[in-house]
Amino acid sequence: METAASASTSTPEGDSGEHAAAAPPRMTTVSKHYFGGASSDHNHDLRVDIIENIEEDYGMFVWPCSVILAEYVWQQRSRFTASTVVELGAGTSLPGLVAAKVGADVTLTDIAHNTEVLNNIRQVCGLNNVNCTVLGLTWGEWDEPIFDLHPDVILGADVLYDSAKFDDLFATVSFLLENSPGAVFITTYHNRSGHHLIEFLMVKWGLKCLKLLDGFSFLPSCKAASLQGNIQLVEIALDKEKPNCSSAGEKNL
């Protein structure tokens, strides 16, 4: 688990006394994430607290891609004020919570059957005093709630980690973009096998790249120092012409 510019305290959760033996406490940590100013405990403009379960996989950790996407939302906060945002595969929901804190109407989603992650999202929303909708949404499944979503911005941090899920993810993204004229999908991902796979998926699903950034190019040094990896951020929209996305610095189309 990696977090940036965060202070953590471990807090076992569960019953004490006679009930503890029957139900071992969950080991959690509350990480604090700072934005603006010096992005530090004593100098910041915004703070988000995240409950992480150190004994669970994937959805209960704050991953580097989430830190980078959340920072991007903060730096682009004028775009998010009064906008409608859906975060896919939200997990600990750091980017979506930053969007909510700067005035967006946010729906946080994760796999419909993953009740522990969804409940943790609700708990984190309460911890940060934000009013977000929490929704079970499984990529590639067309349950009724997805038809009511009309986001201006779709967020996804490290959602491109399992190639078996890529088509389901892009089918869901394409549907939401088609259901929301002018919407954009902003995602951060580890560039493990080059940008070519993303380009292929964009062509396949009729999407185009609007912007491609090195994830560390806009990250404050105090956060970048604690993160590793080749992480990129891409903004994607419906394509009406041939997609073209260059990884040389930033590309606006």
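The following dialogue explains how to read several features of a predicted model.

Visitor: What should be known about the model beforehand?

Guide: The model is predicted: local features need pLDDT of at least 70, side-chain atom pairs count only at pLDDT 80 or more, and totals for chains, interfaces and linings use all residues. Residues are numbered from 1 along each chain as its sequence is written, and side-chain values use heavy atoms, with hydrogens and water left out.

Visitor: How many helices and strands are there in the protein chain?

Guide: Helices (H or I, at least four residues) and strands (E, at least two) are DSSP runs, numbered from the N terminus. The protein chain has 7 helices and 10 strands.

Visitor: How many disulfides does a search of the whole structure find?

Guide: A disulfide is a covalent bond between the sulfur atoms of two cysteines. Here the criterion is a pair of cysteine sulfur atoms within 2.5 Å, and the search of the whole structure finds 0. Cysteine 132 is in no disulfide; its nearest cysteine sulfur, that of cysteine 125, is 4.2 Å away.

Visitor: Is cysteine 132 buried or exposed?

Guide: Buried means under 20% relative accessible area, exposed over 50%, and partly exposed in between (1.4 Å probe, protein chains only). Cysteine 132 counts as buried because its relative accessibility is 12%.

Visitor: At what angle do the axes of helix H5 and helix H6 cross?

Guide: Two packed helices are described by the angle between their axes and the distance between the axes. Axes are lines fitted to C-alpha atoms, for helices over the stretch in contact, and angles run from 0 to 180 degrees between N-to-C directions. The axes of H5 (residues 166-178) and H6 (residues 196-204) come within 10 Å and cross at roughly 50 degrees. The contact (heavy atoms within 4.5 Å) involves residues including Phe166 of H5 and Leu197 of H6.
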